[in-house]
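Reader: Please take one part of this model and go through it closely, following its pairing, its surroundings and its contacts before you turn to the chain as a whole. I would like the reasoning to be traceable residue by residue.

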Amino acid sequence: MERRTITLRGVVQGVGLRPFVFGLASRFDLRGFVQNQMGSLRIEVEGETDSLEGFLTELATKPPPLARIDHLGWERQQPKGDLSFCIEPSDGSVRSNGGTVRPPPVFVSPDAATCGDCLRELFDAGDRRYRYPFLNCTNCGPRLTLITGSPYDRDRTTMAAFPMCAACRAEYDDPADRRFHAQPIACPACGPRLQALNEGGDVIVTNDPLACLIAVLRAGGVGALKGLGGYHLVCDARNESAVALLRHRKNRDEKPFAVMVPNFKAADALCEVSPAEKTLLLSPRRPIVLLRARRGAPAPAG
């Protein structure tokens, strides 16, 4: 029987590492705990040496998709005889180093595009999150844009203002659920909701705020759509007068705008996409990618 203390640094908070470590420890029949600390993730695991080696190998080589491990170090400890593995409350204290307090850097994952599992729920009329725009899980959704402090926990994010309902709490507490310890977890019953505002900032009374925006865009107008990471100023890219209006308001006469499309098929119809560019477009970050226009394809206006 052996016990090891493992320290991870890098993008290790807000990426689903704690629930991942919990599941990994359970699979290798290890006891101990995992805990967010200032700028790092601390793990203590106890069990048979072969199990510990397998645990370390998978931790280093198969972390969650949003994680980036820059440092993994470990040392042996005396076994404590723990009976289970748990997720400990985060430790936000800063330790002294030679009398000088030096808070380590804290790296939190950037926001990540909605994953395939969440998209299936979004468009499933029988799901309780049907058409709920703020759905997320441990593998996707807002991270950096909602954090207000560290270590990363719900009470140090803007989601602290939205207490979880019983259904979300059950998912959050269930190790078998993909929303296990997903800090931004939300649903229509307990999470934030859409609002439509007019040009003066007044709330438009409507049962479907998104439909209000769509009507404006179809009529050639410009809107501000809050998404992951901030606001998108949007218009119908096929409408020359709408694009001209957006350019005038942004004082952006020539610099290109990004064009949003619903899926890769639509992007491929407009542009020539290399394998590397396709990988970028479909990555969890969903970045803006500069592509060559496909000859003969309908070009956006402006």
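Author: Two strands are taken as paired when DSSP finds at least two bridges between them, and this is the sense in which strand 3 will be described here. The model is a predicted one, and the part chosen is strand 3, which covers residues 40-47. One partner of strand 3 is strand 1 (residues 2-13), to which it is joined by seven bridges in an antiparallel arrangement; one of the residue pairs is E2 with its bridge partner G47 in strand 3. Strand 2 (residues 31-37) is also linked to strand 3 by seven bridges, and these two strands run antiparallel as well. Here Q37 has S40 of strand 3 as its bridge partner. Two residues separate strand 2 from strand 3 in their hairpin, and in that hairpin G39 adopts a positive phi near 80 degrees.

The burial of the strand comes next. With buried meaning under 20% relative accessible area, seven of the eight residues of strand 3 are buried, and the strand is therefore largely enclosed by the rest of the structure. I43 shows what such surroundings look like in terms of contacts: leaving out residues up to four places away in sequence, I43 touches R4, T5, I6, L8, V21, F33, V34, F55, L59 and F85.

I43 is also among the residues with the most contacts inside the largest nonpolar core, together with L17, V21, F55 and L59, in a core of 26 residues. At least two residues of this core come from each of strand 1, helix 1 (17-27), strand 3, helix 2 (49-61) and strand 5 (85-87), while helix 1 makes the greatest contribution, five residues. Another core, of twelve residues, lies apart from this one, and C115, L135, L146 and A186 are among its members.

Helix 2 also contains a charged residue that deserves attention, E58. The relative accessible area of E58 is 18%, so this residue counts as buried. Once neighbours within four places in sequence are set aside, the contacts of E58 are F20, L24, R27, F28 and P63.

Strand 1 and helix 1 appear again around an enclosed space. There is one cavity of 30 Å³ or more in the model, and the largest cavity holds about 110 Å³ of space. Its lining consists of 16 residues, of which G14, V15, G16, Y152 and H181 are the closest to its centre. Strand 1 and helix 1 each provide at least two of the lining residues, with helix 1 giving the largest share, three residues.

Elsewhere, helix 4 (residues 166-173) has C168, E171 and Y172 as its buried residues. Viewed down the axis of helix 4, these buried residues fall within an arc of 100 degrees, so they line one face of the helix.

For the setting of these parts, the protein chain has eight helices and twelve strands, and its C-alpha trace spans about 70 × 45 × 45 Å along its principal axes. Of its 302 residues, 39% count as buried. Among the contacts between residues at least 6 apart in sequence, 64% join residues at least 24 apart.

Methods:
Residues are numbered from 1 along each chain as its sequence is written. This is a predicted model: local features need pLDDT of at least 70, side-chain atom pairs count only at pLDDT 80 or more; totals for chains, interfaces and linings use all residues. Side-chain values use heavy atoms; hydrogens and water are left out. Buried means under 20% relative accessible area, exposed over 50%, partly exposed in between (1.4 Å probe, protein chains only). Helices (H or I, at least four residues) and strands (E, at least two) are DSSP runs, numbered from the N terminus. A nonpolar core is a set of buried Ala, Val, Leu, Ile, Met, Phe, Trp, Tyr and Cys residues joined through side-chain atoms within 4.5 Å. Contact means heavy atoms within 4.5 Å. The arc is that of the directions from the helix axis to the C-beta atoms. On a 1 Å grid over the protein atoms alone, a cavity is a set of points where a 1.4 Å probe fits but cannot get out, and a pocket is an open set with protein on both sides within 12 Å along at least five of seven lines; lining residues have an atom within 4 Å of a point. Grid points are joined across faces, edges and corners, and a volume is the space filled by probe spheres set on the points.
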